[in-house]
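Here are my notes for a first look through this one. Keep the structure open beside you and take the points in order.

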Amino acid sequence: EERFAADIEAILRLKCERNAVILAHNYQTPEIFHCVSDMRGDSLALAREAQDTEASVIVMAGVEFMAETAKLMNPGKTVLIPDDRAGCSLADSITAENVRALKAAHPGVPVITYVNSSAAVKAETDVCCTSGNARKVVETVAREWGVDRVIMIPDEFLARNVRNETGIEMITWPGHCEVHEKFTPQEIRQYRRMHPGVVVLAHPECPPEVVAEADYSGSTAGMMQFVAEKRPGKALLVTECSMSDNLAALFPATQFVRPCNLCPHMKRITLPAIRNALETMTRAVEIPDALIPAARRSVERMLDIR
Ligand code: 13P
Ligand code: SF4
């Protein structure tokens, strides 16, 4: 589109000048996702890409915790977040102090933390997980530690969904994604009545009652893979709105049925914000030196589980 052209041109030029890569989460708007990003994916893919990149500057078209994870993997590189208000209700729900209290109350129980968390919380964590590997991480940790119970924070719904899949007991924390907690089973049933044959895909940050109504539950990359393989005629993605917009461009034969909810944090990232980040080299993510080794270890342990 005409209105995007000048920003896109400037961003592509600045990327070369700065030796920068733009990593975009699947919830970024189509003009970011399709036109300026070098790599697109779910939280797990973005973390792996950050671990491997050879660029000197990483621009995270996503939210703060994703930029922090990229910085943990590359403490010597410049990692830019184009809008420093791009937070996350899950990351904001828990502090390092809260985690220390949980550990004191449950000694010897491993702490598995969703990557949607601050570096300070990751530093108190044994192993991180994402929605793309939560089941695998929980099963691996339970086996290796010889336990049938883990502390899984801060997303209560993700923890309960993984408990339903694995039977492993969870000590949870009452954190929720403000986007996914809004969906209801009634709403899904109503859409099934309105669109017979629709395939329903729900993100595991949704309440378990919503996941129970779905045909598939998985990370945003898992949803994309499902649509790519099964090519459903109609799909309902119970997740953030841009996910359907991005997949609609890739899979025109599938009709994407609403509802969806917007993530206000993801939507803070715009083409002008990315352009400004590359022009001014702000805001560069900083993590206190003292936190880096322990926080990084929890992410690396996750990435080692394949
Ligand atoms: P994934 O892309 O890892 O499924 O995560 C979803 C999310 O809410 C990130 O903010
Ligand atoms: Fe956080 Fe939910 Fe937004 Fe993802 S969609 S960044 S989990 S508030």
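1. Let's start with a pair of strands. E1 and E2 (residues 39-41) run parallel to each other and are paired over 3 bridges. If you want a spot to check by eye, look for Leu23, which has Met39 of E2 opposite. Bear in mind throughout that this is a predicted model.

2. E1 has another partner too. Strand E3 (residues 57-61) is joined to E1 by 5 bridges, again in the parallel sense. Here the residue to find is Val21, whose bridge partner in E3 is Ile58.

3. Is E1 enclosed or open? Strand E1 (residues 20-25) has 6 of its 6 residues buried, so the rest of the structure largely encloses it. In a regular strand, side chains alternate between the two faces of the sheet. Ala20, Ile22 and Ala24 sit on one side of E1, Val21, Leu23 and His25 on the other, and both sets are buried.

4. Next, the sheet further along the chain. It is an open sheet of 4 strands, ordered E10-E9-E11-E12, and the pairing is parallel. Strand E10 (216-217) and strand E12 (255-257) are the edge strands: each has a single partner, so one side of each has no neighbour in the sheet.

5. Which strands does E9 pair with? E9 (residues 199-202) pairs with E11 (residues 234-238) in the parallel sense, over 4 bridges. Within that pairing, Val200 has Leu236 as its bridge partner, and Ala202 faces Val238. E9 also pairs with E10, over 2 bridges and again parallel; Leu201 is the residue opposite Tyr216 there. Both faces of E9 are covered, with Val199 and Leu201 buried on one side and Val200 and Ala202 buried on the other.

6. Now the helices that go with this sheet. In helix H11 (residues 220-230) the buried residues include Thr220, Met223, Met224 and Val227. These cover an arc of only 100 degrees around the axis, which puts them on the same side of H11. Among the elements covering them are E9, E11 and helix H12 (241-250). Just past the end of H11, Arg231 has a positive phi of about 45 degrees.

7. H12 has its own buried set: Cys241, Ser242, Met243, Ser244, Asn246 and Leu247. Their cover includes H11, E11 and E12, and also H2. Keep H2 in mind, as it comes back in point 9.

8. Helix H7 is a good one for checking geometry. At 1.5 Å a residue, the 12 residues of H7 (residues 134-145) should span 16 Å, and the end C-alpha atoms are indeed 16 Å apart. Ala134, Val137, Val138 and Val141 are buried in H7. Viewed down the axis, the buried residues fall within an arc of 95 degrees, so they line one face of the helix. Turned away from that buried side is a face carrying the exposed residues Arg143 and Glu144. The buried residues pack against strands E5 (111-114), E6 (127-129) and E7 (149-153), along with helices H8 (156-166) and H14 (292-304). After H7 comes Gly146, with a positive phi near 65 degrees.

9. How is the chain divided into domains? There is domain 1 (2-85 + 266-286), domain 2 (91-177) and domain 3 (180-257). The centres of domain 1 and domain 3, taken over C-alpha atoms, are 27 Å apart. Where these two touch, 12 residues of domain 1 are in contact with 10 residues of domain 3. On the domain 1 side, the elements giving two or more residues are helix H2 (30-35) and helix H3 (43-52). H2 gives the most, with 3 residues. By class, that side has 6 nonpolar, 5 polar and 1 charged residues.

10. One last residue to look up: Ala212, in the loop between helix H10 (208-211) and E10. Is Ala212 buried or partly exposed? Ala212 has 14 C-beta neighbours inside 10 Å, so it counts as partly exposed. From its C-alpha atom to that of Met281, which is 69 residues away along the chain, the separation is 45 Å.

Definitions and conventions: Residues are numbered from 1 along each chain as its sequence is written. Chains are lettered from A and ligands numbered from 1 in the order in which they are written. This is a predicted model: local features need pLDDT of at least 70, side-chain atom pairs count only at pLDDT 80 or more; totals for chains, interfaces and linings use all residues. Two strands pair if DSSP finds at least two bridges between them. The expected span of a helix is 1.5 Å times one less than its number of residues. A residue is buried if 20 or more other C-beta atoms lie within 10 Å of its own, exposed if 12 or fewer, and partly exposed in between; C-beta atoms are placed from the backbone. The arc is that of the directions from the helix axis to the C-beta atoms. Two residues are in contact if their C-beta atoms, placed from the backbone, lie within 7 Å. Domain bounds come from an automatic or database domain assignment. Ala, Val, Leu, Ile, Met, Phe, Trp, Tyr, Cys and Pro count as nonpolar, Asp, Glu, Lys and Arg as charged, and the others, Gly among them, as polar.
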